[in-house]
Amino acid sequence: MTDHVRVYLPATLAELATLKEHGRLESPGEAHAVTPTLREWYAEGDEEELEYVAFTRAAQGALRLLRRDPQAPRRRVVVSVDLPSPGIGRRADQELGSSLVTVLDAVPLSAVAAVHVDGHDAEQDVAAAADVVEEAIAGDPDAQFTVDSAEDHELEWYDPSELGQLV
């Protein structure tokens, strides 16, 4: 029996439409999970806290996707998936505390545990954050304040069976 790992994939609503239409996400790109370097960095955290850190970083990754796609609705999306551990690669460039992982294959809809999406009320703050997320990552305190305002919004939880209602 293969162990499974919970992985958080940053996405957009357009990618959810692709997931619904094709039954898979072809090339998820950036992904986050509880990694050995995250455990080492956050030694006092329990499993739930570590999962929350990885999830939050995926939500920030969704902001970066939105910045690159100005046509996408300004709502962060995180797709929580359970993947066999052999299908997840550790990145060689990991710094202490990193949650970045590489997903080696397409992600089937059957692996989706939940979909998390911002509510409509978050769109204005998410739009502003998407515009400055790279500056925040680079250390700009004003940009970080703007990103923090978006992060004040909790992503709503959806069962994979509700995918049709989201797209």
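Two strands are said to pair if DSSP finds at least two bridges between them, and helices (H or I, at least four residues) and strands (E, at least two) are DSSP runs numbered from the N terminus. By that rule S3 and strand S6 (residues 100-103) pair in the antiparallel sense over three bridges, and this pair is a good place to begin the tour.

The model is a predicted one, in which local features need pLDDT of at least 70 and side-chain atom pairs count only at pLDDT 80 or more, while totals for chains, interfaces and linings use all residues. Residues are numbered from 1 along each chain as its sequence is written, and side-chain values use heavy atoms, with hydrogens and water left out.

**The whole chain**

Display the whole chain as a cartoon, where the secondary structure comes to six helices and nine strands. Along its principal axes the C-alpha trace spans about 45 × 40 × 25 Å. A compact globule of 167 residues would have a radius of gyration near 15 Å, and the chain, with 15 Å, agrees with this; the radius is taken over C-alpha atoms, and the globule rule is 2.2 Å times the number of residues to the power 0.38. Buried residues, meaning those under 20% relative accessible area (exposed is over 50%, partly exposed in between, with a 1.4 Å probe and protein chains only), make up 44% of the 167 residues. If contact means heavy atoms within 4.5 Å, then among contacts between residues at least 6 apart in sequence, 77% join residues at least 24 apart.

**The sheet**

Next select the strands of the open sheet, seven of them, which follow the order S5-S6-S3-S1-S4-S8-S9 with antiparallel pairing. Strand S5 (88-90) and strand S9 (156-158) stand at the edges with a single partner strand each, so one side of each is left without a neighbour in the sheet. From one strand to the next the twist averages 35°, where axes are lines fitted to C-alpha atoms (for helices over the stretch in contact) and angles run from 0 to 180 degrees between N-to-C directions.

Now pick Val7, whose bridge partner in S4 is Val81 and whose bridge partner in S3 is Ala33. S1 and S4 pair in the antiparallel sense over eight bridges, whereas S1 and S3 do so over two bridges. Select Tyr8 as well, and His32 in S3 will be found opposite. Moving on to S6, Val101 is there as the bridge partner of Ala31. On the way to S9, three bridges join that strand to S8 in an antiparallel run, and Tyr158 in S9 is the bridge partner of Val115.

**The helices on the sheet**

With the sheet still shown, add H1, which lies across strand S1 (4-11), S4 and S8 and runs at about 150° to S8. Helix H3 (residues 47-68) also packs on the sheet, touching S1, strand S3 (30-33), S4 and S8, and its direction makes about 30° with that of S1.

Which residues of helix H1 (residues 13-22) are buried? Show Leu13, Leu16 and Leu19, which are the buried ones. Seen down the axis of H1, its buried residues fall within an arc of 105°, so they line one face of the helix; the arc is that of the directions from the helix axis to the C-beta atoms. Their cover includes strand S2 (24-25), strand S4 (77-84), strand S7 (107-108), strand S8 (112-117) and helix H6 (163-166). Just after H1, select Gly23, which takes a positive phi of about 75°.

**Two threonines**

Step back to the loop between S1 and H1, where Thr12 is found. Thr12 is buried, with a relative accessible area of 5%, and, not counting residues up to four places away in sequence, Thr12 touches Leu65, Leu66, Ala72 and Val77.

Finally, go to helix H5 (residues 141-151) and select Thr146, which is partly exposed, with a relative accessible area of 23%. Leaving aside neighbours within four places in sequence, Thr146 is in contact with Ala128, Ala129 and Val132. A distance drawn from Thr146 to Pro73, C-alpha to C-alpha, comes to 18 Å in space, and the two are 73 residues apart in sequence.
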